[in-house]
Amino acid sequence: MSSIFQIYGKKNCSNCDKIKKICIDNKKDFEYQELEIDFKRSDFEWFWKNVEIKEYPIIRYKGIYISYHL
């Protein structure tokens, strides 16, 4: 199982920029994928149905998906 943070975000998203900065500042490896370039919203339809906070980014770490909001 990968210990790299996988971040699924979108263009002009302040939350996406913040989480990337947090990873960089804390020297955490991450992969960033952008909505409509690397994935479609429909790819995460199952996720949106199961979370209370429906904002980008979606973060995957050690098989767990979360939505990030600051």
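1. A quick word on terms before the fold: two strands pair here if DSSP finds at least two bridges between them. Helices (H or I, at least four residues) and strands (E, at least two) are DSSP runs, numbered from the N terminus. The model is predicted, so local features need pLDDT of at least 70 and side-chain atom pairs count only at pLDDT 80 or more, while totals for chains, interfaces and linings use all residues. Residues are numbered from 1 along each chain as its sequence is written, and side-chain values use heavy atoms, with hydrogens and water left out.

2. Now the sheet. Four strands form an open sheet with mixed pairing, in the order β2-β1-β3-β4. Its edge strands, β2 (30-34) and β4 (64-67), each pair on one side only. From one strand to the next, the twist averages 20 degrees (axes are lines fitted to C-alpha atoms, for helices over the stretch in contact, with angles from 0 to 180 degrees between N-to-C directions).

3. Going through the pairs, β1 (residues 5-9) runs parallel to β2, joined by five bridges; Tyr 8 has Gln 33 of β2 as its bridge partner. On to β3: three bridges join β1 to β3 in an antiparallel arrangement, and Gln 6 is partnered with Arg 60 of β3.

4. Arg 60 is worth following further, as it also stands opposite Tyr 65 in β4. Strands β3 and β4 run antiparallel with four bridges. Their hairpin has two residues between the strands, and Lys 62 there takes a positive phi near 50 degrees.

5. Helix α1 (residues 14-25) has 12 residues, which at 1.5 Å a residue should span 16 Å, and its end C-alpha atoms are indeed 16 Å apart. That expected span is 1.5 Å times one less than the number of residues.

6. Which residues of α1 are buried? They are Asn 15, Cys 16, Ile 19 and Cys 23, where buried means under 20% relative accessible area, exposed over 50% and partly exposed in between (1.4 Å probe, protein chains only). They lie on the same side of α1 because their arc around the axis is only 105 degrees, taken from the directions from the helix axis to the C-beta atoms. Their cover includes β1, β2 and β3 (58-61), with contact meaning heavy atoms within 4.5 Å.

7. Just after α1, Lys 27 has a positive phi of about 55 degrees. Asp 29 sits in the loop between α1 and β2 and counts as exposed because its relative accessibility is 56%. Leaving aside residues up to four places away in sequence, Asp 29 touches Ile 4 and Phe 5.
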